[in-house]
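Hi,

Here is the structure I promised to pass on. Have a look at it, and then read my notes underneath.

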Amino acid sequence: MIRQSQAVSLLQATEGSPVLASLVELTRDSQARLLAIQPLIPAHLRHAVLAGPIEGKAWCVLASNTAAAAKIRQLVPSLLAALTARGWEVQTIRVTVQNQTRRRS
């Protein structure tokens with residue numbers, strides 16, 4: 001039996017797979033949460049914060065460095081309140097420093 005592989009678009013793949021569709025939805029939800037809290041993050045830190053994974057009622061926010069992570073951790077109570085007020089059931093926000101690979105010169 002000969003199998004021919006055929007390229008499919010990301011949209012086709014997600015429509016054909018409940019697991020991929022679920023991952024896409026979680027990614028969209030995480031991005032929406034980040035947009036909702038951005039006004040609460042100081043303008044000079046917004047570029048240093050990314051939406052991370054959602055695990056049940058816990059959400060992870062990725063910070064580009066330890067200083068940004070420390071400031072975001074201070075804001076967690078107000079971030080939780082803002083998300084809850086908008087209807088998200090978030091009980092905890094984890095702030096993680098994003099791993100950065102360094103290039104050797």
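**What I found**

Going along the sequence, the protein chain runs α-α-β-β-α-β, and that adds up to 3 helices and 3 strands. Keep in mind that this is a predicted model.

First, the chain as a whole. It has 105 residues, and 32% of them count as buried. Its accessible surface is about 7,700 Å², with 55% of that belonging to carbon and sulfur atoms. As for contacts with a separation of 6 or more, 53% of them are between residues 24 or more positions apart.

Then have a look at helix α2, which covers residues 18-37. Two of its residues caught my eye.

Leucine 20 sits in this helix. Is it buried or exposed? Neither, quite: leucine 20 has 35% relative accessibility, so it counts as partly exposed. Together with Val19, Leu23 and Leu26, Leu20 makes a nonpolar surface patch of about 330 Å².

Arginine 33 is in helix α2 too. This one counts as buried, because its relative accessibility is 4% and the cut-off for buried is under 20%. Which residues does arginine 33 touch, leaving aside those up to four places away in sequence? They are Ile54, Trp59, Leu83, Trp88 and Val90.

So if you open the model, try arginine 33 with those contacts, and then the patch that includes Leu20.

Cheers

Conventions. Residues are numbered from 1 along each chain as its sequence is written. This is a predicted model: local features need pLDDT of at least 70, side-chain atom pairs count only at pLDDT 80 or more; totals for chains, interfaces and linings use all residues. Side-chain values use heavy atoms; hydrogens and water are left out. Helices (H or I, at least four residues) and strands (E, at least two) are DSSP runs, numbered from the N terminus. Buried means under 20% relative accessible area, exposed over 50%, partly exposed in between (1.4 Å probe, protein chains only). Contact means heavy atoms within 4.5 Å. Accessible areas come from the Shrake-Rupley method with a 1.4 Å probe; for residues, only the protein chains shown count as cover. Patches are made of residues with over 30% relative accessible area and no salt bridge: like charges are joined within 9 Å, nonpolar side chains (Val, Leu, Ile, Met, Phe, Trp, Tyr) within 5 Å. A salt bridge is a side-chain nitrogen of Lys or Arg within 4 Å of a carboxyl oxygen of Asp or Glu.
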